[in-house]
Amino acid sequence: MNLEGLMITPLAFAAALAAFDAHAQVPRDCGGSSEASAEAARVIDGRSFLLADGREVRLAAIETPLAVPGDEDETRVQAALAAKTALETLLLHREVHLFALSPDRYGRLVAFAFIRTSSGEALVQHELVAAGHALVSPAASAATCRIYLRNAERDARKGGLGLWGDPYYAVKAAADPADVLVEQGRFALVQGKVMSVRESGGIVYVNFGRRWSEQFTVTLLKRNERIFAGAGLTPKALAGHSVEVRGWVEERGGPAIEVSRPEQIEVVH
């Protein structure tokens, strides 16, 4: 088994963008079967915007904090505003080149977006992740693009940039199920040691505690197990290893994350 892994101000963000390394290899093959170029007319939030022709674009492969009307969590509201401001700084009223995937269930154009800067071409998703305003999600993308984004996220974490500079957004500890459950309904990263792996009713349960019905659990459908094994990540071999999991937190007795892609699990050392 192969177990190898896988709130800055607008002015500061603009400065970081200006310093973009012109020699960095910006992957063009992230994914998408169709190409289009259009002006970004309005930014909706940190991960979506409207084109001048009225189409709504949802940036692929990233997640950003979102604040809903009436949200009283000031930390989340401010992080969501910072992500939106960063995206506005990047592309508002500029031409954006899109590589579109299939529309999502809301009819939004899910795409990888590129812009021209004074230093060359930049992938919008990468710039948001590199500044700590977004997390890499386990969306379908080419390996070169996924590595490009994950490296940017790793550097932002090391540097304590954006979200990574706030304890509120720290990686959650699997050993503290109450803290993980606070993220119910939201995208989060959870890290801990796998205690056991069990199978029941067509579902594989990766357990992070002895009282699995109360503690953090990762679930995956048995029929998807071969996808993970094909990526060198056999679920049953995870027992005893420390892993980091990314996905949407839900409650199943205790907190849980359902995984469907190998990119959601990374063995850590």
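Visitor: What makes up the lining of the largest cavity, by class?

Guide: In this predicted model, the lining of the largest cavity has three nonpolar, two polar and four charged residues. The residues that line this cavity are V136, S137, P138, A139, S141, R146, R150, R246 and E263. Val, Pro and Ala count as nonpolar, and Arg and Glu count as charged, so V136, P138 and A139 belong to the nonpolar class, while R146, R150, R246 and E263 belong to the charged one. The volume of the largest cavity is about 40 Å³.

Visitor: Why is the pair of C30 and C145 called a disulfide?

Guide: The sulfur atoms of C30 and C145 are 2.1 Å apart, and because a disulfide requires two cysteine sulfur atoms within 2.5 Å, the pair meets the condition. The structure holds one disulfide, and it links distant parts of the chain, with C30 in the loop between α1 (10-18) and β1 (34-45) and C145 in helix α4 (residues 143-159), 115 residues apart. The link of C30 and C145 is right-handed, with 80° about the S-S bond, and both C30 and C145 are buried.

Visitor: How do you know that D104 and R108 form a salt bridge?

Guide: The closest N and O atoms of D104 and R108 are 2.6 Å apart, and since the rule asks for a Lys or Arg side-chain nitrogen within 4 Å of a carboxyl oxygen of Asp or Glu, the pair qualifies as a salt bridge. By this rule the count comes to 20 salt bridges. In general, side chains of opposite charge can pair when their charged atoms come close.

Visitor: Why is R108 called buried?

Guide: R108 has a relative accessibility of 13%, and because buried means under 20%, the word applies to R108.

Visitor: What makes K172 buried, and D179 partly exposed?

Guide: K172 has a relative accessible area of 9%, which is under 20%, so K172 is buried. D179 has 28%, which lies between the limits of 20% and 50%, and therefore D179 is partly exposed. K172 and D179 form a salt bridge, with their closest N and O atoms 3.4 Å apart.

Visitor: How do you know that R252 and E258 are partly exposed?

Guide: R252 has a relative accessible area of 39% and E258 has 38%, and because partly exposed covers what lies between 20% and 50%, the term fits R252 and E258. Their side chains meet in a salt bridge, at 3.4 Å from N to O.

Visitor: Which residues are linked in a network of salt bridges?

Guide: The network links E153, R157, E244 and R246, and R246 is also one of the residues lining the largest cavity.

Definitions and conventions: Residues are numbered from 1 along each chain as its sequence is written. This is a predicted model: local features need pLDDT of at least 70, side-chain atom pairs count only at pLDDT 80 or more; totals for chains, interfaces and linings use all residues. Side-chain values use heavy atoms; hydrogens and water are left out. Buried means under 20% relative accessible area, exposed over 50%, partly exposed in between (1.4 Å probe, protein chains only). Helices (H or I, at least four residues) and strands (E, at least two) are DSSP runs, numbered from the N terminus. On a 1 Å grid over the protein atoms alone, a cavity is a set of points where a 1.4 Å probe fits but cannot get out, and a pocket is an open set with protein on both sides within 12 Å along at least five of seven lines; lining residues have an atom within 4 Å of a point. Grid points are joined across faces, edges and corners, and a volume is the space filled by probe spheres set on the points.
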